[in-house]
Amino acid sequence: MNKLLVIGHTFPEPSTTAAGRRMMQLLELFQEEEFQITFASTAAISERTVNLKKQQISVKQILLNDASFDSFLKELDPKIVIFDRFITEEQFGWRVAENTPNALKILDTEDLHFLRKAREEAVKKNIPVSKANLFSETAKRELASILRCDLSLIISEYEMALLQNTFKIASEILYYLPFMVDRISENISLPSFATRQNFVAIGNLLHAPNVDSVLQLKQIWPEVKSEFPEAELHIYGAYAPQQILQLNNKKEGFMIKGWAEDVGKIMTNYRLQLAPIRFGAGLKGKLLDAMRFGLPTVTTEIGAEGMCGQQSFGGAITTSREDFIKNAIQLYSNENIWKEGQNNGFKVINSRFQKEIFSQDIKNRLQEILANLHSHRNHNFMGQILQLQSLQSTKYMSKWIELKNLPK
């Protein structure tokens, strides 16, 4: 049986993060191909970590800078290794190259970290995100990781274009793989406009773009509420920091609700999602979920980036605070515009994120690379050069730490 090793930055939490749901989608693809899957991570298992063992996936706690990983790797002898974000490739990629050189190495970027960080810095400096400095140290590290791997999974078409056009990364080592969900049925039955009430915002509150979004909502909400005195805005998200918890104000109708255990059940109760996202990267899971559950969203250009292609967005994409407030009021109060947004969302899901569109193609691509791995790597010779150089430098730094940590 073919073996897959996933080295996770964390163990997946699909109930709290879009990244966790994305990882579960990948694992499902490999289970369909009857891979024996092992999920390894240096992170601790939390109360919201999915029970992988129940899904016939082995779980392994691993250590940084420790030779025990080499022994584990040789014994497992995986055919494919997936690195969950570039940081895990930096930490373990050289060990994979050294101990299982014939394993196909895949980097799941989740989103481009250097793009998100650059935009965050731009917002802090009050610079337009279009002027963000992408040529950072983080970019060098992440791009080097992409080059060292045999294939990198890119979640957004915008990021695919950025990598190919701005940074000249060869398309042969990139693969566009967005979120994958089931088709929306034409006969879907969801709560109507009239039965839905209030506004909602959802997002993991360990994630800086979501924290910033809630802080923006605190400023925007009074102007929206003035039009709908009875309405409330409910903020859902795990791991809320104190600066968010203290914003809870029942009198203002600004309510911090905590973890959203069942996103679908929550979203179908609300009339409108608000997502004033000022920075970030990748695809926003909350927007995809909202379209799946018939909930229009008011967001920004950054929020909707990579989502629609040539389709109309499931709600409104705004370019200023005033525009955001105007569209929030309009969508909440006008049933026809609301229904149009809902239907646009269904079209986006069915034309761009159906699992059927991508599942067989990615499987075929992996088989093709596996059958021609030597040739594939020769076409990415720069990656081999970076592998050699980084393997040496990272290897000896890691071994130095390993020796330093030995009991005296």
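**Charged pairs, ring pairs and buried charges in a predicted model**

Let me start with a charged pair: Asp-150 and Arg-377 form a salt bridge, and their closest N and O atoms are 2.8 Å apart. This pair links distant parts of the chain, since Asp-150 sits in the loop between H5 and strand E6 (151-154) while Arg-377 belongs to helix H15 (residues 373-379), the two being 227 residues apart. Both Asp-150 and Arg-377 are buried. I should say at once that what we are looking at is a predicted model, and everything that follows should be heard with that in mind.

Staying with helix H15 for a moment, His-374 is also found there, and at 63% relative accessibility His-374 counts as exposed. His-374 and Asn-102 are separated by 272 residues in sequence, yet their C-alpha atoms are 8.8 Å apart in space.

Now, which residues does Lys-105 contact, once its neighbours within four places in sequence are left aside? The list includes both members of the salt bridge I opened with, Asp-150 and Arg-377, and among the others are Val-81, Phe-83, Val-96, Ala-97, Arg-148, Cys-149, Leu-151 and Gln-387. Lys-105 itself has its place in strand E5 (residues 104-108). Lys-105 is buried and yet has no salt bridge, the nearest side chain of opposite charge being that of Glu-89, at 5.5 Å; for a salt bridge, the side-chain nitrogen would have to be within 4 Å of a carboxyl oxygen.

A second residue of this kind is Glu-142, which lies in helix H5 (residues 137-148). Glu-142 is buried and likewise without a salt bridge, and the nearest side chain of opposite charge, that of Arg-116, is 7.4 Å away. If we do not count residues up to four places away in sequence, Glu-142 touches Phe-86, Asp-111, Leu-112, His-113 and Phe-114.

How many salt bridges does the structure hold? The total is 23, and helix H5 gives us two to look at. In one of them, Arg-141 pairs with Glu-90, with the closest N and O atoms 2.6 Å apart. Because Arg-141 lies in helix H5 and Glu-90 in helix H3 (residues 86-99), this pair ties together parts that are 51 residues apart in sequence. Arg-141 is partly exposed, its relative accessible area being 38%.

In the other, the side chains of Glu-137 and Lys-140 meet in a salt bridge, at 3.0 Å from N to O. Here both residues lie in helix H5, 3 residues apart, which is about one turn of the helix. Glu-137 is exposed, with a relative accessible area of 54%, and Lys-140 is exposed as well, with 51%. Elsewhere, salt bridges link Glu-28, Glu-32, Glu-33, Lys-355 and Lys-363 in a network.

Let me turn to the aromatic residues, where a search of the whole structure finds 13 pairs. Take Phe-135 and Phe-167, whose ring centres are 5.3 Å apart and whose planes are at 50 degrees, so the pair is tilted. Phe-135 lies in the loop between helix H4 (113-124) and H5, and Phe-167 in the loop between helix H6 (157-166) and strand E7 (174-176), so the pair ties together parts that are 32 residues apart in sequence. Is each partner buried or exposed? Phe-135 counts as exposed at 57% relative accessibility, whereas Phe-167 is buried, with a relative accessible area of 16%.

A further pair is that of Phe-193 and Trp-338, with ring centres 5.4 Å apart and planes at 70 degrees, so this one is edge-to-face. Phe-193 lies in the loop between E7 and strand E8 (199-202) and Trp-338 in helix H13 (residues 335-352), so the pair ties together parts that are 145 residues apart in sequence. Phe-193 and Trp-338 are both buried. There is also a cluster in which ring pairs link Phe-199, Trp-221, Phe-228 and Tyr-332.

I will finish at the surface, where Phe-381, Met-382 and Ile-385 make a nonpolar patch of about 290 Å². Phe-381 is found in helix H16 (residues 381-404), and Phe-381 is partly exposed, with a relative accessible area of 48%.

Key: Residues numbered from 1 in each chain as written. Predicted model: local features only at pLDDT ≥ 70, side-chain atom pairs only at ≥ 80, totals over all residues. Heavy atoms only, no water. Patch = residues over 30% accessible without salt bridge, like charges linked within 9 Å, V, L, I, M, F, W, Y side chains within 5 Å. Areas by Shrake-Rupley, 256 points an atom, 1.4 Å probe, with all protein chains shown as cover. Helix = DSSP H or I, 4+ residues; strand = E, 2+ residues; numbered from the N terminus. Buried < 20%, exposed > 50% of the residue type's maximum accessible area, 1.4 Å probe, protein only. Lys, Arg positive; Asp, Glu negative; His and termini not counted. Contact = heavy atoms within 4.5 Å. Phe/Tyr/Trp six-rings, centres within 6.5 Å; stacked < 30°, edge-to-face > 60°.
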